[in-house]
Amino acid sequence: MSLADQISELKARALNTLQGTTSAADVESWRVSYLGRRGELAGLISRLPTLPAEEKRAAGQAANDAKNALQSAYDERVASIKSASRGDGEAVDVTLPGIPPAVGGLHLTRQTLYEIERIFASMGFSVFETREVESDEYNFELLNIPPEHPARDMWDTMYVSEDVLLRTHTSPGQIRAMRKYHPEPLRVILPGKCHRYEAVSARSESMFYQVEGLAVGHGITLASLKGVFQAFAQQMYGPDREMRFRASYFPFTEPSVEIDISCTCEGRGCTLCKGTGWLEVSGGGMVHPTVLRNGGYDPDEVTGFAFGMGVERPAILKYDIDDIRRFYANDLRFLQQFA
Ligand code: DAH
């Protein structure tokens, strides 16, 4: 094969190989082996002077042609790899900071739950989670609310079937916790979702969270509840907050109380407390002997206190949120403020 033919063959092979390069490093090693000073083309060109005159001309032309073709193919390749096309032909500046991936945050309710759990955990309470779909028996009967009891009106209920329902409060978890731990003393909180068949408004949602508290053992009194709740309220709402018990009624506690904390307006009158100076945050009381018995305890041996509070409420108070419906409307503009 003449030198001119060898040069054309090399040109074709080099151009072909260049197609397969994908990185700047690939292209550079291609350049070294074909176009470099000790590359293949230079090797062939170095044989030019030895050729007879008539062949020299053709080979010389082939060499020039190959050199130009490879050089311009190389330049093009370098340019195209540099502008590592994003599809729109724009160059990528690899020194720019990347686009950070969107990371989620904890929902305001979850953050509040964690805060409540942290405070009670520091007082020796453990978290006991139970079911959201309950039986009528646990949600009502075992809590001393028999069928047809007028107190059932306190909880408008969504029934799944005759005797299965969506729990209207976290209180049925009390029975489940007691049945698990009796006759040992127990100190638990029970966080969870509750549902009520209620008209939705700025102040009430049909789905919301509660945290139930329950302590059973020897020598537990209403003063124990007061002390525990006081400690909780001061950590949750601030050390200057005062607390008060108001007599109330729940079928599963005797006596029963409503727990209020003082409003930041200190009674000067605001829309939150409607000028009373107090905010209602929880129900509570001494566990009814019937309920203790239903949980497997002997009410002549032990006593217990219980309480049940909302979870959205503390967040509403803390951030001055005007409408509880915002919590679960999934409007990210609202939720991201707390993430
Ligand atoms: N379960 C009640 C409700 O949803 C709240 C409650 C009141 C819970 C008193 C308790 C309690 O444990 O002792 O309205």
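Which residues lie nearest the centre of the largest pocket? In this predicted model, they are R196, R203, E280, G310 and R313. The lining of the largest pocket comprises 40 residues in total. Its volume is about 1000 Å³. By class, 16 of the lining residues are nonpolar, 12 are polar and 12 are charged.

Several secondary-structure elements contribute to this lining. Strand 5 (207-217), strand 7 (253-262), strand 8 (278-287) and strand 9 (303-310) each provide at least two residues. Helix 10 (312-319) likewise supplies at least two. G310, one of the residues nearest the pocket centre, falls within the bounds of strand 9 (303-310). E280, also among those nearest the centre, falls within strand 8 (278-287). R313 falls within helix 10 (312-319).

The ligand is surrounded by 16 residues. The closest are H169, S171, R196, Q210 and E212. R196 thus appears in both settings: it is among the residues closest to the ligand and among those nearest the centre of the largest pocket. Q210 and E212, also among the closest to the ligand, fall within strand 5 (207-217).

Polar contacts to the ligand involve side chains. In H169, a polar side-chain atom lies 2.9 Å from a ligand nitrogen atom. The side chain of S171 places an N or O atom 2.9 Å from a nitrogen atom of the ligand. For E212, the partner is an oxygen atom of the ligand, 2.5 Å from an N or O atom of the side chain. On its own, the ligand has 360 Å² of accessible area, and the protein covers 93% of this.

At the level of domains, the protein is divided into domain 1 (3-82) and domain 2 (108-335). Their centres, taken over C-alpha atoms, are separated by 83 Å. The pocket-lining strands 5, 7, 8 and 9 and helix 10 fall within the bounds of domain 2 (108-335).

Backbone geometry was also examined. Most residues other than glycine have a negative phi, and most peptide bonds are trans. Two cis peptide bonds can be described here. The bond from H182 to P183 is cis, with omega near 0 degrees. P183 sits in the loop between helix 7 (172-181) and strand 4 (186-195). The bond joining E254 and P255 is also cis, with omega about -5 degrees. P255 lies in strand 7, one of the elements that line the largest pocket. E148 is not a glycine, yet its phi is positive, at about 75 degrees. E148 is located in the loop between helix 6 (136-139) and strand 3 (164-166).

Definitions and conventions
Residues are numbered from 1 along each chain as its sequence is written. This is a predicted model: local features need pLDDT of at least 70, side-chain atom pairs count only at pLDDT 80 or more; totals for chains, interfaces and linings use all residues. Side-chain values use heavy atoms; hydrogens and water are left out. On a 1 Å grid over the protein atoms alone, a cavity is a set of points where a 1.4 Å probe fits but cannot get out, and a pocket is an open set with protein on both sides within 12 Å along at least five of seven lines; lining residues have an atom within 4 Å of a point. Grid points are joined across faces, edges and corners, and a volume is the space filled by probe spheres set on the points. Helices (H or I, at least four residues) and strands (E, at least two) are DSSP runs, numbered from the N terminus. Ala, Val, Leu, Ile, Met, Phe, Trp, Tyr, Cys and Pro count as nonpolar, Asp, Glu, Lys and Arg as charged, and the others, Gly among them, as polar. Domain bounds come from an automatic or database domain assignment. A residue is near a molecule or strand if one of its heavy atoms lies within 4 Å of it. A polar contact is a pair of N or O atoms within 3.5 Å; within protein, one must be able to donate a hydrogen and the other to accept it, and residues adjacent in sequence count only if both atoms are side-chain atoms. Accessible areas come from the Shrake-Rupley method with a 1.4 Å probe; for residues, only the protein chains shown count as cover.
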